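Please take a moment to look over the sequence and the three-dimensional view before reading on. The paragraphs that follow go from one part of the fold to another.

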Amino acid sequence: MARTSRTTRQVGAAASRVPTARPSRPAGRPAAVLAPAEPHVRQRILLAVVMLMLLVLVVRLVQVQAVDGQAIAAEAFDRRLHTVAVPADRGDIVDTNGVVLATSVVRYDIHANQRVVSEEMDPDRLPEVATTLAGLLDVPEAELAARLWGPDDPDDKRGFVYLARSVAPDVYEQVRKERVPGVGGDRTTDRIYPAGTTAGNVLGFVGAEGAGQAGLEQLFDEALTGTPGSQTFERGARGQRIPTGERGFVPAVAGGTLVTTLDRDLQFMAQQVLDEQVEETGAQWGAIQVMDVRTGEILVLADSGAVDPNDPGSWDADDRGSRSAWTVYEPGSTAKAITMAAVLEEGLAEPTSRFRVPDRYTVSGQTFRDSDDHEVLDLTLTGILAMSSNTGTLMAGERLPNDVRHEYLSRFGFGRTTGVGLPGESAGLLHDHERWDRRTQHAVLFGQGVAATTLQSTQVFATLANDGVRVQPHLVKGVQGPDGELDPVDVDQERVVSKETARAVVSMLESAVADGTGSNAAVPGYRVGGKTGTAQAFEGGGVVKHVASFIGVAPVEDPRLVVNVVLYDPRTSIYGGVVAAPLFSEVTGFALQYLGVAPSAAEPDLFPSTYE
């Protein structure tokens, strides 16, 4: 019992020396002496911390409101301020009489802020709103509801999404009356062409962003576009406009009005009869130009199968431009008028000079022939042109040196663009005379070995009809500003041959209609001079196609118009006098009467075509 008591006392004494719940400390570190803090000390520490925090807040407040206040306010204002562009209305394109060929109409793009819609509109109202807006905007109801409400996750909702684009103003007003939160509209414009396909290949069209993509729309895009304006307003965090916020508005300046030389009614008529003739003859395509010889203004520039600029995507890209400006081919016999002018101007012959013309003629070791076999003909220079004799033309022009032949072809516009004002216009093909081979140097006298566009051939006859002065062919008179003042385009002029030479050639061309291959081109009541053409077009790969044409002047005694009719690869006949001349007669007769040109009063005094 005594041992047990002793042991118990020892354990108890040891236990009394061990502090209860005291944490262990690392070996070698002296025990800290902890003294209980007084209450007033704790209060002072807490007060100091609070005062320090208040001091920091005061300093920051002074910095924000006094030192940086204006800068911060300006930054916040800038974040609220939003500026949107106000597009300028694209200028109209009108014909020579002011008839609108292209214009812009007001439309609206309808959009929604999905965040505002989901926060401010009762979800139960969504089906009703979607049904109403779908009917107004012609959008499937399910699709519109999805665009309007957006994803279920609020973080995925968009602040801007289109519901419909390019809707009419009355539809926009109906959408506004529904007062759907988060739904609005922006003003925009659509380009429309009231005349449809009439002059479609000349006017061109605009792309989705409103920029000109072809034709006059492309060439005069800057003048038509105008200057955009801007609208500035404050908006909240969710993108909504603040009704009492700052506002600003800079009005847009509309583009100028492009005044063309085209006559819509003449253009429409020419396109109709051209399409009919292309179908009837099986031609691949056709073209017609009507030009005022005094001014160089083109009243008609018609292409068959013309594009509708309201829907250009329905036509192949190769069919959207004007073939008259970029398709080249040998001009053929119509270019004989240049040789006649050169021979007369150089004093090598007169309209009545006599030639014995065989059906075959050999020069420089090269043999050339007429289109038909015939006995030797006794023809004057006028008769050679009237009968469209290749061999006679060679005989008349063989004394022209090569450099002179080249010079006259160049003077009349071959080898350079006309400057008519269409994208992609070709300069044709006129090699330097030093590159001509033995055959080409002679073939150029009757329109082979050289390539030209339809417009280049037209300007040759326009120059002759204008007493030998070339006036630059053009499609645009100028750009009319908001004040109504017209800024005219510059039109170049140059004398090509003398007045006497030009009038003599025009008189010779009258014989070609009265006595020669162009008899089908006669216009009742009017004196007409002109020339048939049967040319070739080389398409590569050995493919050669024929081009039938007729170019004429009317009325001969006081020339007003030059009309050129071209049919590319006709199937019924390759001769211009057969397929092109009748169409020339129809278009020219209509144009002269439409323009109020008085019928010819005097009888023609023609040069003789033959002699005995």
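Which strands does helix 11 lie across, and at about what angle does the helix run to strand 10? In this predicted model, helix 11, made of residues 264-281, lies across strand 9, strand 10 and strand 23, and its direction makes an angle of about 30° with that of strand 10.

These three strands lead us to the sheet that contains them, which is an open sheet of five strands in the order 10-9-23-22-21, paired in antiparallel fashion. Strand 10 (298-303) and strand 21 (529-540) stand at the edges of this sheet, and each has a single partner strand, so one side of each is left without a neighbour in the sheet. On average, and with direction ignored, neighbouring strands of this sheet are turned by 10° against each other. One of the pairings can be followed in detail: strand 9, residues 285-292, and strand 23, residues 561-568, run antiparallel and are joined by eight bridges. Within this pairing, Ala287 has Val566 of strand 23 standing opposite.

With the sheet in mind, we can step back to the whole protein chain, whose secondary structure comes to 21 helices and 23 strands. The chain has 612 residues, of which 47% count as buried. If we consider the contacts between residues at least 6 apart in sequence, 73% of these join residues that are at least 24 apart. The protein chain exposes about 30,600 Å², and carbon and sulfur atoms supply 51% of this area.

Individual helices show how burial can be followed along the chain. Helix 15, which spans residues 390-397, is mostly covered, since eight of its eight residues are buried; among them are Asn390, Leu394 and Gly397. In helix 19, which covers residues 499-514, we find Ser507. Ser507 counts as buried because its relative accessible area is 14%, and the cut-off for buried is under 20%. Leaving aside neighbours within four places in sequence, Ser507 is in contact with Asp605, Leu606 and Phe607.

Helix 2, residues 39-67, is the place of Leu54. Is this residue buried, partly exposed or exposed? Leu54 is partly exposed because its relative accessible area is 43%, and this class lies between under 20% for buried and over 50% for exposed. Together with Leu46, Leu47, Val50, Met51 and Leu57, Leu54 forms a nonpolar patch on the surface, and these residues have about 580 Å² of accessible area together.

Terms used: Residues numbered from 1 in each chain as written. Predicted model: local features only at pLDDT ≥ 70, side-chain atom pairs only at ≥ 80, totals over all residues. Heavy atoms only, no water. Patch = residues over 30% accessible without salt bridge, like charges linked within 9 Å, V, L, I, M, F, W, Y side chains within 5 Å. Areas by Shrake-Rupley, 256 points an atom, 1.4 Å probe, with all protein chains shown as cover. Salt bridge = Lys/Arg side-chain N within 4 Å of Asp/Glu carboxyl O. Helix = DSSP H or I, 4+ residues; strand = E, 2+ residues; numbered from the N terminus. Buried < 20%, exposed > 50% of the residue type's maximum accessible area, 1.4 Å probe, protein only. Contact = heavy atoms within 4.5 Å. Pairing = 2+ DSSP bridges. Axes fitted to C-alpha atoms, helices over the stretch in contact; angles between N-to-C directions.
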